[in-house]
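Here are a few exercises to work through with the model open beside you. Try each task before reading its solution.

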Amino acid sequence: MLSRAGMSQTTKGIWMARCAGIEPCTIVMDLEGTDGRERGEDDTAFEKQSALFALAVSDIVLINMWCHDIGREQAANKPLLKTVFQVMMRLFSPRKTTLMFVIRDKTRTPLENLEPVLREDIQKIWDSVPKPQAHKETPLSEFFNVEVTALSSYEEKEEQFKEQVANLRQRFFHSIVPGGLAGDRRGVVPASGFSFSSQEIWRIIKENRDLDLPAHKVMVATVRCDEIAQEKYSSFAANEDWCELEEAVRSCPVPGFGKKLSSILEACLSEYDVEATYFEEGVRSAKQKQLEEKLLQLVQPAYQSMLGHIRSGTLDKFKEAFDNALNGGQGFAMAASDCTKSFMKLFDEGCADAVIKQANWDSAKVRDKLRRDIDAHVAEVRSVKLSEFTTLYEEKLNNALSAPVEALLDGAGDDTWPRIRKLLRRETETAVSGFSASLSGFEMDGQTMDKMILGLEDYARGVVETKAKEEAGRVLIRMKDKFMALFSHDSDSMPRVWTGSEDIRAITKTARSASLKMLSVMAAIRLDDAADSIENTLAVALLETGSATNKSSGSLDSLASSTWEEVPPSKTLITPVQCKSLWRQFKTETEYTVTQAISAQEASKRGNNWLPPPWAIVALLVLGFNEFMTLLRNPLWLGFIFVAYLLMKALWVQLDISGEFRNGALPGLLSLSTKFLPTVMNLLRKLAEEGQAPAAANNPQRNAAVQSKSFQSGANDYGDMSSSGSSEVTNMENGNEYSSPSQ
């Protein structure tokens, strides 16, 4: 205070200086007053920060108090001390500080009466301060030594005031000795570290926000604006229009959603402004912003639901339009591009309709998700379409190659694999041409298209190779069928009859050569033009070995391998060792057919040569001369012999004895034994019917009855047995024909 200038602040901030003439070295700090008008009522933070700094740094703190302020709440700095005490215990470790209350302008009231009141107020402040758990029961004396002194009025008692100040100054001499003002201090910082310690303490104090207590009107505005905001929030939550809008948007998109919700929010915020207009502007604006944020948090789920409906609806429409475009014949890439642009624009229009004016929300994430969904659907449809095209042309290749390849392999000729290669090339080119035309609408890069075409070509080769492997698994059956077709049928494809003139050895060799040809064709896959020697190797090793001595030589050793020369293992269907085993099995299973043919030929030769040897004829003429002369002398014997000859000839023809013995002697005898008696009975019946023919001519009715009876008797008694012996037979020797009675 300057008396000439009037009442004003004389100290601003914190001033520090060394006390002159006081030992030991003592630093004094001068703080500005805590109730000055210069900072105003709203800026009390520095007062608290400076007070806390003094308590934390100083060993002795002098607090000036007017005598007439003792017992008052604000003037005695009670709220300030309460806040400072609370923060000090939380931020700093306990240390002993001397609090010296200097009562200014002491009245006639004795100091002994003022001191207890002041100490009681300080104790109440200490007791009311919330303390950490470690200092719940800590007394005030652990932190502070409370001293009270009084000074007279400087204006009224100047001499007495100076004397009292001098006495007070004497108390600071040797203050750190036991019994001094700071005799029991703790946590002393060395002088060299005082500067750094003070800076750290001030930094800690500045960073603590508990000291920024608002002014009274700010506190009132805070409380009231908070109440108004809460009231408006509750009113908005219960608003009928908002509830209907929220309920509707849960199930379906709401047209004009953004405008409707913006209007409701605007009305709510306007009501807040009207009721809070007279409160402190900063608080009012802050609370309005908080209210707006809470309202936006409340309506954000509805906004997200609206965007979700727009996204899902747009995606469904895109799928429908995209399918219609593809079904209409539009190219895939063009349809995807046009539909994507159109429906992304439609989504943007829907989002613009849902925008809330008070919110700065961005729909980019939902838009990105829609774009990802559209791209995923396009990729899925693309994959399906490409798969359909690939499957379609693979089926065409399979149908075009499987049956022809099987037929060509069944023929097994020198031109089998060249014809297969030609077929594969032709069908692959046709399929690739159509496949490329189908892929052109997808506008894919050349590398991808080449890869897919190469896959189709590989599939075509795979069809041929698979069919070749299947046929190779049935090669033994094919070889036997080939052998039987050539061995059992002539050049006109007629069944071969072994009459004795056929060269069975040559026929067998030809049939086996054809079977061996089929084995060589099936032994390897020859889709490339590379030549091999499989056929020659098999022919030399299996067909041209004429004797047992040759078989033991190196010809068969060429098949003692698991690979063919000039043929990679991946193209091998039947290994040399397997060929050798298959050929051995083939010969074993066809040997019986050759043996049967040889037996049939020998039986045919025996059946066609009925004359006895020449020596037997000469012996018959010499030894049978007497009997021949006897027959000439008795013609009756000649007639009997002639009749017996005719009867035997008829039995020969009816029984087809030469045909029965073609299959061997024993089968022929067994067959004749079952047919002999029915044939004899048939001949006797025929003779009886011819003898009765004249009488039947004279009596037609009787003749008809006899014929009917005879027919029924023959049918009932002999049935199937007579039919076997009544077939038409032609005698190949004399050309006479005999017909059965049934004819």
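The exercises below concern a predicted model, and each is followed by a worked solution.

**Exercise 1. A helix pair**

Find how the axes of helix 12 and helix 13 cross, and list the residues that make the contact.

*Solution.* Start with the two elements: helix 12 covers residues 416–439 and helix 13 covers residues 446–473. Their axes come within 10 Å and cross at roughly 150°. Next, take the handedness: the crossing of helix 12 and helix 13 is right-handed. Now collect the residues in contact. Helix 12 contributes Trp417, Ile420, Leu424, Thr428, Ala431, Val432, Phe435, Ser436 and Leu439. From helix 13 come Met449, Met452, Ile453, Leu456, Glu457, Ala460, Arg461, Val464 and Ala468. Finally, sort them by class: the contact has 14 nonpolar, 2 polar and 2 charged residues.

**Exercise 2. One helix, two sides**

Check the length of helix 7 against what its residue count predicts, then work out where its buried residues lie.

*Solution.* Helix 7 has 12 residues (240–251), which at 1.5 Å a residue should span 16 Å. Its end C-alpha atoms are 18 Å apart, which agrees. Now pick out the buried residues of helix 7: Trp242, Leu245 and Val249. Looking down the axis of helix 7, these buried residues fall within an arc of 65°, so they line one face of the helix. On the other side of helix 7, Glu240, Arg250 and Ser251 are exposed.

**Exercise 3. Buried or exposed?**

Decide whether Thr97, Ser402 and Ile534 count as buried or exposed, and name their contacts beyond four places in sequence.

*Solution.* The cut-off needed here is that buried means under 20% relative accessible area.

- Thr97 lies in strand 4 (residues 97–104). Its relative accessibility is 0%, so Thr97 counts as buried. Thr97 touches Leu55, Ser58, Asp59, Val61, Phe143, Phe144 and Asn145.
- Ser402 belongs to helix 11 (residues 364–411). With 15% relative accessibility, Ser402 counts as buried. The contacts of Ser402 are Val463 and Lys467.
- Ile534 is part of helix 16 (residues 534–543). A relative accessibility of 1% means that Ile534 counts as buried. Ile534 is in contact with Ser520, Ala523, Ala524, Arg526, Trp564 and Val567.

**Exercise 4. Sequence and space**

How far apart are Ile534 and Leu519 in sequence and in space?

*Solution.* Along the chain, Ile534 and Leu519 are 15 residues apart. In space, C-alpha to C-alpha, Ile534 and Leu519 are 9.5 Å apart.

How values were computed
Residues numbered from 1 in each chain as written. Predicted model: local features only at pLDDT ≥ 70, side-chain atom pairs only at ≥ 80, totals over all residues. Heavy atoms only, no water. Axes fitted to C-alpha atoms, helices over the stretch in contact; angles between N-to-C directions. Helix = DSSP H or I, 4+ residues; strand = E, 2+ residues; numbered from the N terminus. Left-handed = near helix turned anticlockwise from the far one by under 90°. Contact = heavy atoms within 4.5 Å. Nonpolar A, V, L, I, M, F, W, Y, C, P; charged D, E, K, R; others polar. Expected span 1.5 Å × (residues − 1). Buried < 20%, exposed > 50% of the residue type's maximum accessible area, 1.4 Å probe, protein only. Arc of directions from axis to C-beta.
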